[in-house]
Amino acid sequence: MVTAPQGWRRVAISFGIVAALITGVLIVPGSVTGWAAGPTTFIWGKSGDGDSMDSPVSTNGETYEVTTQIFNLLVRAVPGKTDIEPDLATSWSVSPDGLTWTFKLRQGVTFHDGTPFNAEAVKTNFDRWAFKDNPYHEVKGGEYEYWGDFMADSYKESKVVDPYTVQLILKQPNSPLLQNLTIIAFQMTSPASLKQYGGTGVGTHPVGTGPFKFVEWVRDDHVTMTANPTFFRKGLPKVQRLIMRVIKDNAARFLALKAGEISAMELPNTDDVKVAQNDPNLKIGFRPPFNTSWLRFNMTNSLMKDPKIRQAIAAAINRQAIVQGLYAGYGEVATQHMPPTMWGRVASPPPITYDPAKAKQLLAEAGYPNGFSFDFWYIPVSRPYFPNGKEIGTAIASDLNKVGIRAHLQTEDWAVYLKDQKTTKFPLYMAGWIGDNGDPDDWLGFFFPKFDATSARWSYNNPAVFDLINKAKVENSQAKRAQMYAQAETYVLRDLRDIPIAHARVPLLMRKNVEGLIGQPDANEYMELVYFR
Amino acid sequence: MARYIARRAVALLPILLGVSAVAFLMIHLLPGDPATVYVGEHATPGAIERVQHEFGLDKPLPVQYGIYLWNAVRGNFGESLDSHRNVLDEFVPRFPATIELTLGAITVALCLGIPIGIMSAAKPNSILDRFGMLVALAGVSIPVFWLGLMLIYIFSVYIHALPTSGQLGVNISLVPVTHIDVLDGLLTANWAAADDALRHLLLPSVTVGSIPTAIIARMTRASMLDALQQDYIRTARAKGVTGLTVVIRHGLRNALLPIVTVIGLQFGGFLTGAILTETIFSWPGVGRFMYDSILFRDYPVILAGILLFSLMFVLVNLVVDVLYAFLDPRIRYA
């Protein structure tokens, strides 16, 4: 007969065995090699997945990170900078009237599917982007947005001059053209792949000339690429395999890096950057500051249209303290809209000095000796230029409060925020920009295109500024263009249309043995340069 | 029984119709415009209008709902605003991963929850009981995302025994059969892949299973305590049946009914837990997809997801009702 105590002992023993088994599984490393980054495989931790592998119809930065490795452009940005260097075009020139751009192409380059790269291939790609009746133009749900924004107005056609010379013929000059072509949305896709998979199909079957060949894309999980042995930059890429893993949670991505499952990562949490600094297995790199944050006034608002009120608000905010305290040491105070990596900046921008006494005096002069109340809107999401919108918003409101301006902090869902900044709902709000390329038109052209009294975003009315920006867009000489943009920016700063806050370097974290990972201003690093020490 | 199941199945239709109507209305009551999110910071009014027209967002709400229902009954749930792919094509490949995680979590919840409950009830107010209830309390109290990160920290970063995220190691190749990786590894005799997949499954399963484990443990304890005080238990003991046999055969069998009900209800917990857990562990399942879609305001995906989750929830409840008949011979359905 089994007694009760013996029965429970049996249960306890069973539990002990199960516990021992689980412990065994946990402490025996087992197939740890199944998920660890190896010596010839570089694993990049991404913060999100792309929406397509066909950059021309995507504006998704997560797509661009991948396609930068598979495709080439006619011209590209120098590693770590926005300056231009040859890619598939070895040289270029523009006619004096600015209407004909001639590109000499690199010879002996083949796409991953063996198709030769030549002028005909370039024309195939431009025709596809430009002409709606092109058989490969139609992409289900896809929009050629960058083409529409940067090329559509000026482009007429492309001509094959000889197998390795191609001309772009324009209807009107487009001075930022070369800089615009450094955006991966103008990638050269294999004409044979367009024929084989169609305009929509190349979105999942990318065939380029780049350092890595596409192997597989498991949505929301990873993209695997393998080294292209015939890549035209000899000796590159330096790793055999490139995997881009999607780990959306910043903290989880950091833990994967600490555990050695990924080799490097983007967009860490600020606290994790501090942890990484003290971790002997990790190191930090940076994307150069290619972003700017600012406070934007609704210039049609009865309060904000008064220059003295704007000056008072600007003088009340301690931007230096905000940048020092809330940008984890990676920010610098902005003096104008464009970051220091850009040309066309104002050499000596009018200073905005933190001076609460002066702010109070200006308020009194404006007829508000006891201050006033208003709604101040902060961004609800984290952006490189405002890494923590709420904290920065709170700091600004606190500064304003010290001079008697009672700023009621407000925010709303990001989707609504984006929409409402184009209405007159916000008297003052946080905004910013991340550059697409190294041309000032991408900055000033986008933020000062016109006056619209119904939109806080475009509530600044200065025809001289609009005129300068429009003229700069069709001027051939970069020196003259630089002067025009600087002049336009001087007007904008003089009128205190916005209060520039900060430019932020964007940290990248990596394992100690990773070399050659150069942070790119546009966030699309060239993984071909990466190797393990 | 067959008639009962058929009747219940028909009753699903008005439930799903109601769910779809409420979900449709609530989503559209939210401020914000998916077209703006879709086009992003570059948005021009023309681009927004184009997108609104393309996805039918410029039509009156009842018309949009009517079109949606008409398409849905034909199996067309629309296109994702994010990927432009058919919504069903997005859900189908992600489903096996969520099923794998749910099975893992149910296994954890049953294997831990029921024994803890039984032990606590068998020795009420003992140290074992108090420890068991402490575990249960912790299970319901600890936020899932925090627990997940802590487990990763301990078992992946420090012990290096388990991976931090994903469903299968990037260096492992596996021929898909069912797309449930552990099962596929076993079916194809790819032991390395099965081992790797199991290790990937362990931490997310414990995370998703933590709350259901706690609730099942408490329910089992309460139900068992009640059962163990019944006359038939006393009679069994008087007849000389040993402690463990009494507890398992006479106690647990009679206490199971409410426990099964709770397990069924916890199914919703598995699904909502999966949304957070799949995000932390980068588990390529339906939960993470839903989370991303909510952030992106991907209306077609959110609606289809709500319908899908609701369908699963009511189906599980149907299964639970049917199970009653097997567990309690006194219950008969007509």
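**Figure 1. Confidence across chain A of this predicted model.** Chain A has an average pLDDT of 91, and 94% of its residues reach at least 70. Which elements of chain A have the lowest and the highest mean pLDDT? Helix α1 (residues 4-27) of chain A has the lowest, at 62, and strand β5 (residues 100-105) of chain A has the highest, at 98. Right at the start of the chain, residues 1-5 of chain A stay under 50, and the model gives them six contacts beyond four places in sequence. A friendly word of caution: where pLDDT is low, the predicted coordinates should not be read in detail.

**Figure 2. Chain A as a whole.** Take a step back before zooming in. Chain A has 533 residues, of which 50% count as buried. Its secondary structure comes to 16 helices and 21 strands, and its C-alpha trace spans about 95 × 75 × 40 Å along the principal axes. Among the contacts in chain A with a separation of 6 or more, 71% join residues that sit 24 or more positions apart.

**Figure 3. An open sheet of seven strands in chain A.** Follow the strands of chain A across the sheet in the order β8-β9-β10-β1-β11-β19-β12, and you will find that the pairing is mixed. Where does the sheet end on either side? The edge strands are β8 (212-218) and β12 (282-287) of chain A, each of which pairs on one side only. Inside the sheet, strand β11 (residues 264-265) of chain A and strand β19 (residues 506-511) of chain A are antiparallel partners over two bridges. Look for A:M265, which stands opposite A:L509 in β19(A). Helix α8 (residues 270-277) of chain A lies across β12 and β19 of chain A and runs at about 130° to β12(A). As you trace a strand, remember that in a regular strand the side chains alternate between the two faces of the sheet.

**Figure 4. A hairpin made by β4 and β5 of chain A.** Here strand β4 (residues 89-94) of chain A pairs with β5(A) in the antiparallel sense, over five bridges. One pair to find is A:V94, which stands opposite A:W101 in β5(A). Five residues lie between the two strands of the hairpin, and in the turn A:G98 has a positive phi of about 75°.

**Figure 5. A loop residue of chain A, A:K234.** You will find A:K234 in the loop between β9 (222-227) and β10 (241-246) of chain A. Is A:K234 buried or exposed? With 5 other C-beta atoms within 10 Å, A:K234 is exposed. Between A:K234 and A:W92 there are 22 Å in space, C-alpha to C-alpha, and the two are 142 residues apart in sequence.

**Figure 6. Where a helix of chain A packs with a helix of chain B.** Helix α7 (residues 250-258) of chain A and helix α7 (residues 144-158) of chain B have axes 10 Å apart and pack at an angle of about 5°. The two helices are therefore roughly parallel to each other. From α7(A), the contact uses A:A251, A:A252, A:L255 and A:K258, while α7(B) brings B:L149, B:I152, B:Y153, B:S156 and B:V157. By class, these residues divide into seven nonpolar, one polar and one charged. A handy rule when you look along a helix: an α-helix has 3.6 residues a turn, so residues three or four places apart point the same way. For the model, the scores are ipTM 0.79 and pTM 0.83.

**Figure 7. Two crossing helices inside chain B.** The axes of helix α5 (residues 87-122) of chain B and helix α12 (residues 286-296) of chain B come within 7 Å and cross at roughly 130°. How do α5(B) and α12(B) lie to each other? They are oblique. On the α5(B) side you can pick out B:E90, B:F91, B:R94, B:F95 and B:T98, which meet B:V286, B:G287 and B:F289 in α12(B). This contact has four nonpolar, two polar and two charged residues.

**Figure 8. More places to visit in chain B.** Chain B averages a pLDDT of 85, with 94% of its residues scoring at least 70. Helix α10 (residues 231-238) of chain B has eight residues, and the number buried is zero, so this helix lies largely in the open. After α10(B) comes B:G240, with a positive phi near 95°. Elsewhere, B:A47 lies in helix α3 (residues 45-54) of chain B. B:A47 is partly exposed, with 19 other C-beta atoms within 10 Å.

Conventions. Residues are numbered from 1 along each chain as its sequence is written. Chains are lettered from A and ligands numbered from 1 in the order in which they are written. This is a predicted model: local features need pLDDT of at least 70, side-chain atom pairs count only at pLDDT 80 or more; totals for chains, interfaces and linings use all residues. Two strands pair if DSSP finds at least two bridges between them. Helices (H or I, at least four residues) and strands (E, at least two) are DSSP runs, numbered from the N terminus. Two residues are in contact if their C-beta atoms, placed from the backbone, lie within 7 Å. Axes are lines fitted to C-alpha atoms, for helices over the stretch in contact, and angles run from 0 to 180 degrees between N-to-C directions. Angles under 35 degrees count as roughly parallel, over 145 as roughly antiparallel, 65 to 115 as roughly perpendicular and the rest as oblique. Ala, Val, Leu, Ile, Met, Phe, Trp, Tyr, Cys and Pro count as nonpolar, Asp, Glu, Lys and Arg as charged, and the others, Gly among them, as polar. pLDDT is the predictor's confidence in each residue, from 0 to 100. A residue is buried if 20 or more other C-beta atoms lie within 10 Å of its own, exposed if 12 or fewer, and partly exposed in between; C-beta atoms are placed from the backbone.
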